[in-house]
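Thanks for making the time this morning. Please bring the structure up on your own screens while I talk, and stop me if a residue is hard to find.

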Amino acid sequence: MQEWIIAMLVISVLLVLRDMAKTFFRGRSFLKAEQPAEEKNPQKEKVERYAASFRKLADSFYGLPYRKDYLSSGQVEGIIQETCDEVCSHCYQREMCWGARSQDMYLGSEHLVRSMEEGTQEKLQEAKSSWMSICSRFSQYYETLGNAYMRERQQLLFDNRMIESRLAVAQQLQEMSRIMDMVAEDLYDISLADPQLKLKLSKLLRKRHIVLKQAWVMDKVEGRRQIFLTMRARSGQCISVNEVAQLLSREFETPMAASSGGRRIVNGEYHTVHFVEDVSYQILYGVSKLTKEQEKVSGDNYICRQEDAGRFVMCLSDGMGSGMDANRESEEVVELLEQLLESGFSQETAAKLVNSALVMKGQEGNFSTVDICAVDLYTGICNFLKAGASATFIKRDHWVEAISSESLAAGLMQQIDFETSSRKLYHGDYLIMMTDGVLDALPAMREEETMKEIIMDIHEETPKEMSRGILERVLGYSDYTARDDMTVLVAGMWKK
């Protein structure tokens, strides 16, 4: 429970840090801009030292023992010694058994313990049969040995749970370090615009009755231009921020757009507006859902959102089972993923943190599938991340590709291996995501092949109509009965 509280506090601090960064970044002072470019900002160095401290703290957690799936030799020896003290100490054959035959006794006892550990009934029965010919007090010895083994096994499971919790906290501390480094770069790598550029922008905006007070620029690694303008409108006018973006686009000969989430109108008060290079693609999406027969609530949940960095993210989650409990689990997954992705986390890191949160809650059966598609709207590169999720399909002209996964669902174990892959998408491509209730309704052993045929047979162009058409055809394979929750999410990509 303590680790769960720590984890939630860590995530809360990360989100607060990110929000503080955004507030400061879009603020009006930008004090660092007054410094010469060649001087390293002392505040940036301070934040970087904080980040290094968190990395060191995370490393200390990683240095702790890792989980164990089997009892150690020392633990097995302790079980045997405990059993011997309780059973054999009162046996008249003790001197003979643990004297000349001590090696056989020990090996036989160890074989019994390892057979219990493997859980194979056949091997356990074989070990018991061998032991019956060795020990005259077989029943009492076996019962006492089994009780001692169960106590050690429970302790091992508890230790593993604690180790997983520490690993989860270590991951979050490490991610906090990365976010702080990123915040330091964002906050202090901004500089005042060149005087000639500022003068050119002032003349340009003056024609639209806008007074420019200050301008900043920031060059990111990707090479995309970002401009911050502190400005106001004259004579009580209100001018659309989109109109300013069009002026900048003509001036720089590059499509520019106002960052989402900012101001939409320039009025009589000074405000700082963030402009970025506009994306190359746009995405429209549609979804169709069916709830399992005799259930009132679907256990599937999804999110679709476009982020400031020009990334469109779709996430689909299927909670275990169906009904209210499944809905609650998948809703928790998508809401936490949305918050983490909005705060700047990478999709893999966000998925790992969500998995850590589910593991540390420790509720039996509390797991959900995670299926994420993140499209870079500048390049068209789509990154896929799956944990226990169904295949995702890409439709392009006259062919369909399936992106499959065999990984476990989130919440089952701490060190989960998320399956990741990337594809280049083009104008007119469609992404089709679905939960396992859809594929499970198709003929066994041919689910993906059948789905490809269904998708190729769909001629609707809007994502909403396509998702509805897919679901209708799938229902035809199951006598128009939803035996599980079904969700089909379709997104189409077009060049701007």
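I will go through some salt bridges, then one helix, and finish with a single threonine.

Please keep in mind throughout that this is a predicted model. The count of salt bridges comes to 14, and I have picked out a few of them. In one, the side chains of Asp371 and Lys386 meet with N and O 2.9 Å apart, and this pair links distant parts of the chain, since Asp371 sits in strand β11 and Lys386 in strand β12, 15 residues apart. Asp371 is buried, at 2% relative accessible area, and Lys386 is also buried, at 2%.

Salt bridges that share partners also join Arg305, Glu307, Arg311 and Glu338 into one network. Within it, Glu307 pairs with Arg305 at 3.5 Å between the closest N and O atoms; Glu307 is buried at 8%, and Arg305 counts as buried at 16%.

Asp325 and Arg328 form a salt bridge at 2.5 Å, and because they are three residues apart in helix α10, about one helical turn separates them. Arg328 is partly exposed, at 47%.

Turning to helix α13, which residues there are buried? They are Thr450, Met451, Ile454 and Ile455, and because the buried residues fall within an arc of 140° seen down the axis, they line one face of the helix. That set packs against β13, β14, β16, α12 and α14.

Finally, Thr254 lies in the loop between α9 and β5, is buried at 18%, and, leaving aside neighbours within four places in sequence, is in contact with Arg225, Leu248, Ser249 and Glu277.

Notes: Residues numbered from 1 in each chain as written. Predicted model: local features only at pLDDT ≥ 70, side-chain atom pairs only at ≥ 80, totals over all residues. Heavy atoms only, no water. Helix = DSSP H or I, 4+ residues; strand = E, 2+ residues; numbered from the N terminus. Buried < 20%, exposed > 50% of the residue type's maximum accessible area, 1.4 Å probe, protein only. Contact = heavy atoms within 4.5 Å. Arc of directions from axis to C-beta. Salt bridge = Lys/Arg side-chain N within 4 Å of Asp/Glu carboxyl O.
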